[in-house]
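Trainee: I am new to this structure and would like a close look at a single part. Please take the backbone and charged contacts around one late helix, and go on from there to related places.

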Amino acid sequence: MLEQKINTLRDKKAIKLLTGFFDGNIYPAVYAVLALVCSFVGFELIFFTVTAAIIVVTTLFCRDTKSTFVPLVLAVYAVSQRHTPQPPYNSDYLYSTAFLVTVGCLLAVVLAVMIFRLIAYKGTGNVFRTRTKARWGLFALGATLLLNGVFYEDYTIKNLFGGIALALSFVWFYIYFYNTLEWKEDTAGYAARLLVLAGAVILLQLAEVYIFDGAVDGGSINKGALVLGWGMSNNIGGMLATFMPASFYLAYKSRCGIAYYIFGFAVFAGVILTLSRTSVLVASAVFLICIILLSIKGRHVRFIRIFNIALVAVLAVLAAVFADELARIFRYYLDRGLDDSGRFEIWENGVRNFLRAPVFGVGFYTPIAPDWSYNIENWLFPDMYHNTIIQLLASCGGFGVLAYLFHIVQGCFLVFKRPTAERIFYFFVILVLSGISMGDNHLFHVFPALVYSALIALCEKDSEFCEGKETCVSGEKNDKVVKPEGENETSL
């Protein structure tokens, strides 16, 4: 009955115009521009209020929930430099009572509306009733995050609330999108274009730092100056690297693939300019795989081969002519080399904490060492171990690692059983994020984990569409595999 009333409202002209805009391809670009502007001017409360209003409207009236993916990916990049708690800005704005209360209320409203949608609407799937491929591994991981440090002597209420936040970040949007997303032929393209937009926003923010904030000092890049409102150099490099595969997927699929291919190189260059060694290492491996694959198969093979050869020649000349200048600009890489930046000591302490509580770990809020922790400035997250496996060992114990490995096995089965270009694209994004998280902490930050869980839901939808097990839009069984225009297969 309630759904019928909402369907009646959907037929109103004003609502149709509104939902048509949010279902279209202009909305993500408009939202990206708003996020970028906010990151420069610092109107976070206004931006997050508008974001909450958008989610409420689209959740209630849009038949397809893909519009929710837009703020999920982009909202965090609206945080401005002037309000970041990180040095050298050290703002307390994000700690203020007004900000916390407002954002808390907005989150409560958004979560309530999403739960309402799951309960009141007839969805496109049911993750609890369908034999999905990644469900139990992801749920097991969420359960161990929730139980972090549960039997440890210094367990506190922080562990419970932190565990709930982390568990939901890995599980919630997997459930939500699987149950509500309408699978269409261009859903993967929509997601990829959104990640490209996110990469463009970050590149423009990084350019602002280089041009106006003194990132180059004495002819060398100053890593300490690479700070944005939402993160420092390693965060910037990690997210750029994570979004990079989207450009190469669109280079494979799109008529405008040449532009996307060139943009992929720009994103990779941005990763290098962040001086994040772990991000550069992982991104380089995936970057090489992507350009090799696209040099073999795709819509623009001839151009890609010529472009690659020409670029290598140009870079070789530049390296020979400007060797001293390049060495000075990127002196950080030469000075640090393979130095572990204290990570080995952190990992050793993580193993020691695991041995203190080998079943469910010591929890996320126990100091890295009894007399030391590096006291991260961001209040939202505790200190982390800069390695996913060590993190799970120390914080969630042996059960945490086993759950994560179970999740990885199920995820690989989901991707590589009858793989498509779409699932390989999602896999590369998840692979980069997971790979970088072996040296930097990204996966246990809430926002990257939200994207991670949403992409697993997209993998499930793509797999079921291609196998003809579930309905996508019309409600009828469809055995057709989505194929790129001009190609005979979807697999790379």
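Around helix 18

Mentor: Arg418 is exposed, with a relative accessible area of 57% (exposed means over 50%, buried under 20% and partly exposed in between, with a 1.4 Å probe and protein chains only). This is a predicted model, in which local features need pLDDT of at least 70 and side-chain atom pairs count only at pLDDT 80 or more, while totals for chains, interfaces and linings use all residues. Residues are numbered from 1 along each chain as its sequence is written, and side-chain values use heavy atoms, leaving out hydrogens and water.

Arg418 sits in the loop between helix 17 (388-416) and helix 18 (helices are DSSP runs of H or I of at least four residues, numbered from the N terminus). Its phi is positive, near 55°, although Arg418 is a residue other than glycine.

Leu275 offers a second case of that backbone feature: it is not a glycine either, and it has a positive phi of about 60°. Leu275 belongs to the loop between helix 11 (257-273) and helix 12 (277-296). Where Arg418 is exposed, Leu275 is buried, with a relative accessible area of 1%. Positive phi thus turns up in two loop residues, Leu275 and Arg418, one of them buried and the other exposed.

Past Arg418, helix 18 itself spans residues 421-436. One of its residues, Glu422, meets the side chain of Lys253 in a salt bridge, at 3.0 Å from N to O (a side-chain nitrogen of Lys or Arg within 4 Å of a carboxyl oxygen of Asp or Glu). Since Glu422 lies in helix 18 and Lys253 in helix 10 (residues 233-253), this pair ties together parts that are 169 residues apart in sequence. Both partners, Glu422 and Lys253, are buried.

A further salt bridge involves the loop that follows helix 18: the side chains of Asp440 and Arg343 meet at 2.3 Å, N to O. Asp440 is in the loop between helix 18 and helix 19, whereas Arg343 is in helix 16 (residues 343-356), so the pair ties together parts that are 97 residues apart in sequence. Asp440 is buried, with a relative accessible area of 3%. Arg343 is buried as well, at 13%.

The loop of Asp440 also holds His445, for this residue is placed between helix 18 and helix 19 (446-467). His445 counts as buried because its relative accessible area is 14%.

In general, side chains of opposite charge can pair when their charged atoms come close. In the whole structure, a search finds seven salt bridges. Besides the two described above, they include the one between Arg193 and Asp186, where the closest N and O atoms are 2.6 Å apart. Arg193 is partly exposed, at 24% relative accessibility. Asp186 is partly exposed too, at 39%. Set that beside the pairs around helix 18: Glu422 and Lys253 are both buried, and so are Asp440 and Arg343.

To sum up the part you asked about, helix 18 has the exposed residue Arg418 in the loop before it. Its own Glu422 reaches Lys253 of helix 10. In the loop after it, Asp440 pairs with Arg343 of helix 16, and His445 is buried in that loop.

Methods:
Helices (H or I, at least four residues) and strands (E, at least two) are DSSP runs, numbered from the N terminus.
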